[in-house]
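Reader: I would like a close look at one part of this model, namely the aromatic rings and their surroundings. Please set out the framework first and then work inward.

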Amino acid sequence: RAKASSRADSVGVDEVLHVLRPVVELLKQTAPDFTSAQVSSRQSFWRNAAEVTLGRAEGAAIFKRLLKDPNVIAAVDDRLCLELAPAEGAKRRKMETEATQATPAPAAASSHSKIMQRHETQMETLRRQCDQDEKMLLEKHQKAFEMRRLSYIEMMDTALGNLKLDQEKQMRWLKDHSRARTEALRSKQLGDFFSPVLHVTLGRGNVHVCQGFYELSSTHTRGWQPVYRKYKSRYFLYLSKQCWWISTESNMLMRQPRGLLHSGAVRLNDSPARPERATNWKVVGSGKKWESIDLKLDDLKEPKAEFVVVSMAGTELLRKSFQLHETVVTVKTSLSRTLKSSWNRPADFIRLCLGSQALSNAKELGRLTIGAETPLQAVLIPINCKHCMVSLEKQWYPCCRCSNCHQYLCLECGARCRECDYCMANICNECAMDCDHLCCRCCAEESEYSEEDDGEFYY
C-alpha cells in the first residue's frame, strides 16, 4: 500500500510539473532569484499558478485535490527549484545523498519532519502577527479611552463651572430680592410712623443747597430716629445729640453734630422723633457763625409735589402735581397741551427756568432746589417762518417743518419744500441743496453703506 501511494504521488507530481512548465520558463527569464523566497511563499505561488493554469478544464478538480496535499506541493517545489537553480539543486542533492548514506531513514519520516518544520514556522509567523495586531489594537483602545476620559473630565469641569455660576447668580438674586423686599417692608412699616417725604423750604426768599425734597431712608433709620436723604443727593437729615442736622453722608454715618444746618434742642420721649416739629433752625453765615433762619418742613404724604408755572409777566399758566421722578420735559408737555387752545405753542418752543437757571429736559423734578410756592418761569420762544419771517403764533399747526434744520415754515413756503428721495420727509430748499435732496438720516445711511465711483453708486 505504501508503494502504491508513493507511485500515485510521483504520477501526480509529474502531471503538476507538466502543467507548471510554462510558468517555470517564464520565471527563469523574469525572476532568476525566485528560489531565495520563503518556502511557504513559493508553495503558495505554485498552488495558485496551477489553479490559474488549469482553470475549468476537465480533470482540474483532481489536480486541485492533489495541490491540497502538503507532500505533493513540497515535492513540486523541490523539483521546480532544482530546475530554476541547477547549481544549488546539485549541491542540495549531494547533501541529501550524504545525509541518506549516513543515516538512512525512510522517506515518510523525512517528509513528516519537513511538514512539522513548515507548520512550526507558519505558527510562529502567525503568532508574531497576532501579537503585533493585539498590541496595536490595545494601543488604539487605550488612546480612545484616554481621549474619552479627558473629554468627560472637561465636560464635567464645564458643567461644574456653569453650576457654580448659576448658584452664585441665584444667591445674588435672592440676596438682592430679599434686601429689596426687606427695604420695601421696612419702608412700609416706617411710613406708618414717619413722613415718607419732607419738603425743606428756607423762608424770606433764601436759596440754599439744602433746600429741596428729602425721602425717608429705611437703610439708615435706627429705631425711633428717622434719617432722611435729599432726593438723589449727598445731603442727609438726621438726629444727633438732641438736634436735627443737615450734613453729608460721612457725618450722618458717625452721627456727628456737624453740618450746614441744625435745629434747636428737641425733647425726646418714647414717641417717634419728628423733624417737622423742630424749631430754632440755624445756618452757617458768611462769617462762619451760626445765624438764625426761617426754615419750614412740609410733610408730603407721597412722593408727589405741586408745581406752579408762570409766565414772564407773572401770569399763572399751570398748577399741577407731578411725581418726583418725572422730568422737566413732562411739565413742558403738559404746559403745551394746556396752552394749545390759546397760545398755540409746541413744547419745543417753551423753556422753563428756576430763577436765573434754565432747566434741561432730562432733569428730574425731585432734584430741583426749589422751595414751597416757588414758581417755575416759562419763557415762550417766538415762532417765525424761516423764509418769509411771518409769525406762526396762530398757525403753527399744521405748518411745515424741515427735517434737517428743524425750523418751521408757513403754509405757503412749506408748499414749495422738497421731499426726501427715500423717506419722503419735508426738507427746505437750502437743506435740500446741501444734502443732495436727502434728509440728514438718509444722508448718513447713504454715506455709510455706499461709495461713489465714477458718478455711480454701488450698494
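Author: Helices (H or I, at least four residues) and strands (E, at least two) are DSSP runs, numbered from the N terminus. On that basis the protein has eleven helices and 20 strands. This is a predicted model, in which local features need pLDDT of at least 70 and side-chain atom pairs count only at pLDDT 80 or more, while totals for chains, interfaces and linings use all residues. Residues are numbered from 1 along each chain as its sequence is written, and side-chain values use heavy atoms, with hydrogens and water left out.

Of the 459 residues in the protein, 33% are buried (under 20% relative accessible area; exposed is over 50% and partly exposed in between, with a 1.4 Å probe and protein chains only). Among contacts (heavy atoms within 4.5 Å) with a separation of 6 or more, 49% join residues 24 or more positions apart.

The rings come next. Rings of Phe, Tyr and Trp (its six-membered ring) pair if their centres lie within 6.5 Å; planes under 30 degrees apart count as stacked, over 60 as edge-to-face and the rest as tilted. By this rule there are three aromatic pairs. One of them joins Trp-245 and Trp-290: the ring centres are 5.9 Å apart and the planes stand at 75°, so this pair is edge-to-face. Trp-245 belongs to strand β5 (residues 243–248) and Trp-290 to strand β8 (residues 290–292), so the pair ties together parts 45 residues apart in sequence. Trp-245 counts as buried at 8% relative accessibility, whereas Trp-290 is partly exposed with a relative accessible area of 40%.

Phe-307 and Phe-322 make another pair, with centres 6.3 Å apart and planes at 55°, so they are tilted. Phe-307 is in strand β10 and Phe-322 in strand β11, so this pair ties together parts 15 residues apart in sequence. Phe-307 is buried, with a relative accessible area of 3%, and Phe-322 is buried as well at 4%. Phe-213, Phe-307 and Phe-322 form one aromatic cluster.

Now the sheets. Two strands pair if DSSP finds at least two bridges between them. An open sheet of five strands has the order β11-β10-β14-β12-β13, with mixed pairing. Its edges are β11 and β13 (357–358), each with a single partner strand, so one side of each has no neighbour in the sheet. The two Phe-bearing strands of the tilted pair, β10 and β11, are antiparallel and share seven bridges. Within that pairing, Lys-304 stands opposite Gln-323 in β11. Helix α8 lies across β10, β11, β12 and β14 and runs at about 135° to β11 (axes are lines fitted to C-alpha atoms, for helices over the stretch in contact, and angles run from 0 to 180 degrees between N-to-C directions).

Phe-307 also belongs to the largest nonpolar core (buried Ala, Val, Leu, Ile, Met, Phe, Trp, Tyr and Cys residues joined through side-chain atoms within 4.5 Å), which has 24 residues. Phe-307, Val-309, Leu-335, Leu-352, Leu-368 and Leu-376 have the most contacts inside this core. Two or more residues each come from β10 (304–310), β11 (316–323), α8 (328–339), β12 (350–354) and β14 (376–380). The largest contribution, four residues, is that of α8. A second, separate core of 23 residues includes Leu-190, Leu-239, Leu-261 and Ala-273.

The Trp pair leads to another sheet. Nine strands form an open antiparallel sheet in the order β8-β7-β6-β5-β4-β3-β2-β1-β9. Its edge strands are β8 and β9 (295–300), each pairing on one side only. In strand β2 (residues 212–216), four of the five residues are buried, so this strand is largely enclosed by the rest of the structure. β2 runs antiparallel to strand β1 (residues 197–202), with four bridges between them, and it pairs in the antiparallel sense with strand β3 (residues 228–230) over three bridges. Tyr-214 has Lys-230 as its bridge partner in β3. Val-197 stands opposite Glu-215 in β2 and opposite Leu-300 in β9. Six bridges join β1 to β9, again in the antiparallel sense.
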